[in-house]
Amino acid sequence: MLHTIIEKDSEPVVYLQGEMDLDCAETLRWAVQEAAGPAGVTLDFGGVRFVDSSGTGIFVRLCLDMQQRGVPLRIRNLTPAVTQVFDMLRVRQLVGEDLFV
Amino acid sequence: MKAHPSALPHKIPLGPVAGHDGRPATLRVLRYDARTTTLRTVLGNDPSPGLRAEIATRAHDAMTHRAFIVRTTPGSDIDELCLIPSGEYCEVLCIHSNGWRRTHGDHRRSLSEILSDLAAAVACGKLRFLDASQLAAELTSGEQMLYREITGPGTLAAARKHLSTGLEALGIAAISREHVVLGACEAATNTLIHGGGVGSLSLIKLPNTARVVVADTGPGLTFLNWYDKPAAGMQPSMGYGYRIILEHIDRISLHTCPSGTTLLLDQTT
């Protein structure tokens, strides 16, 4: 299960914790929409210990939607488990290298 | 912030192009026996007599030259054809797309990419296709350590947790455990998305092997996601599930037919 902690600041951050699978869509989307401000939002993956292709697909879809709406998105602190799957699924190429800070 | 070119919104809707006949894409697996020069259907429908003869000839050629061959044959009953010599047999993988095509801007993998992954895995002995009798024989082996029903996305986390505990009890090392759990989760998710929405996950103890069995009673491996537009706000399938399974599991066996799909995921203990 995915949990989120929202830090509303001048540069909002959503801390993701737990597991990202087919079940994470609503939680992830709600948290990002709740947090996003004029400066966009940062997603911190430091607490994600599992992600599969469905969780990745949901994340990619969210990134593309945010970009379409002009909401700046930043991604940081990928764990090894996330990095391995994201690299295999070529996520950086799909959503844009410049999102990863 | 400037969007990466590949991240531009879809200009053309996902889904089929004109010319598809409404039927889903299908996977067919045939096995050519060089000793008897016969071609047997392992998965999917039997090809027409003319196509059967053509495939047998191609399989014979592939075995003669010990060549892994990938062909594209537009306009025939097969779009993509892979011939994989293996001992005295030649495995033949065919995809008929029935006119469905990945459209511009769709970042999901193409059917030919998926087929190539499957064919390469067969070629290196990692993946085998089972007919119904082979599957039945395999399912009589071993001692069941765990059984979980997969009934919705909310059941996946508990299934992963119990599976990890069971694998640890069988002596599977931590890193290998993570790999098996990831592969099994991909398979279980497929039962929800493509396999009729309900499935099961079992852990079986075999000599020197932990086997995860993921089964559903859905319509079989039909690449249905290739003509269903993803739900609003969702991109649940990019066509990478099988790639992740093949990457993380030692040996995989697959049976699929119109009454369901079963995957056997074997990890050496």
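## Helix H1 of chain B and three positive phi values

B:Thr37 counts as exposed (12 or fewer other C-beta atoms within 10 Å of its own, C-beta atoms being placed from the backbone), because it has 10 C-beta neighbours inside 10 Å. The model is predicted: local features need pLDDT of at least 70, side-chain atom pairs count only at pLDDT 80 or more, and totals for chains, interfaces and linings use all residues. Residues are numbered from 1 along each chain as its sequence is written, while chains are lettered from A and ligands numbered from 1 in the order in which they are written.

Chain B has six helices and eleven strands (DSSP runs numbered from the N terminus: helices are H or I with at least four residues, strands E with at least two). Of its 269 residues, 43% are buried (20 or more such C-beta atoms within 10 Å).

Helix H1 of chain B covers residues 49–64. Its 16 residues should span 22 Å at 1.5 Å a residue (1.5 Å times one less than the number of residues), and the end C-alpha atoms, 23 Å apart, agree with this. B:Ile55, B:Ala59 and B:Ala62 are buried in H1(B). They lie on the same side of H1(B) because they cover an arc of only 60° around the axis, taken from the directions from the helix axis to the C-beta atoms. The face turned away from this buried side carries exposed residues, including B:Pro49 and B:Thr64.

Most residues other than glycine have a negative phi. The residues below have positive values.

| Residue | Phi | Place |
|---|---|---|
| A:Arg90 | near 55° | loop between helix H3 (80–88) and helix H4 (91–95) of chain A |
| B:Thr37 | about 50° | loop between strand S1 (26–33) and strand S2 (38–43) of chain B |
| B:Arg66 | about 50° | just after H1(B) |
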